[in-house]
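Trainee: Got a minute to go through a protein model with me? I'd like to get my bearings before I head back to the bench.

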Amino acid sequence: MNGTYDDESLVSQRDRISVDISDIRERVENCRDDVAWTELPLAAKLRVLIRERLEQIESEKQLEKGETKQQHP
């Protein structure tokens with residue numbers, strides 16, 4: 001075995017977590033109506049929703065920084 005495989009295995013183990021989603025599972029499954037969404041596994045749906053929310057938060061932060069600069073040149 002090469003070192004790269006072992007390193008990737010360790011990284012992926014650290015990046016994986018167990019999360020109880022019993023209270024939101026149905027909301028995740030039903031939050032979209034398109035066929036592609038219904039075909040995705042639950043883990044992929046969660047990743048999509050998390051990434052979209054992170055992008056939204058980051059975008060809002062950038063807008064706030066821009067507004068702050070405009071107010072205080």
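Mentor: Sure, let's go through the fold, the confidence and a few side chains.

Trainee: What are the elements here, from the N terminus on?

Mentor: This is a predicted model, and the order runs α-α-α-α. That's 4 helices and 0 strands.

Trainee: Where is confidence lowest, and where is it highest?

Mentor: Helix α1 (residues 3–15) is lowest, with a mean pLDDT of 65, while helix α2 (residues 25–30) is highest at 97. Across the protein the average is 86, and 78% of the residues score at least 70.

Trainee: OK, switching to charges. How many salt bridges are there?

Mentor: The count is 2. One joins E29 and K45, whose closest N and O atoms sit 2.4 Å apart. That pair ties helix α2 to helix α4, with the two positions 16 residues apart in numbering.

Trainee: And is K45 buried or exposed?

Mentor: K45 counts as buried because its relative accessibility is 2%, under the 20% cut-off. Its partner E29 is partly exposed, at 25%.

Trainee: Which side chains make the other bridge?

Mentor: E52 and R32, at 2.3 Å from N to O. E52 is in helix α4 and R32 is in the loop between α2 and α3, 20 residues apart. E52 is partly exposed at 36%, and R32 is too, at 27%.

Trainee: New topic: which residues form the nonpolar patch on the surface?

Mentor: I50, L54 and I57, with about 250 Å² of accessible area together. L54 lies in helix α4 (residues 42–71) and is partly exposed, at 45% relative accessible area.

Trainee: How much of the protein counts as buried?

Mentor: Just 7% of the 73 residues. The protein exposes about 6,900 Å², and carbon and sulfur atoms supply 50% of that.

How values were computed:
Residues are numbered from 1 along each chain as its sequence is written. This is a predicted model: local features need pLDDT of at least 70, side-chain atom pairs count only at pLDDT 80 or more; totals for chains, interfaces and linings use all residues. Side-chain values use heavy atoms; hydrogens and water are left out. Patches are made of residues with over 30% relative accessible area and no salt bridge: like charges are joined within 9 Å, nonpolar side chains (Val, Leu, Ile, Met, Phe, Trp, Tyr) within 5 Å. Accessible areas come from the Shrake-Rupley method with a 1.4 Å probe; for residues, only the protein chains shown count as cover. A salt bridge is a side-chain nitrogen of Lys or Arg within 4 Å of a carboxyl oxygen of Asp or Glu. Buried means under 20% relative accessible area, exposed over 50%, partly exposed in between (1.4 Å probe, protein chains only). pLDDT is the predictor's confidence in each residue, from 0 to 100.
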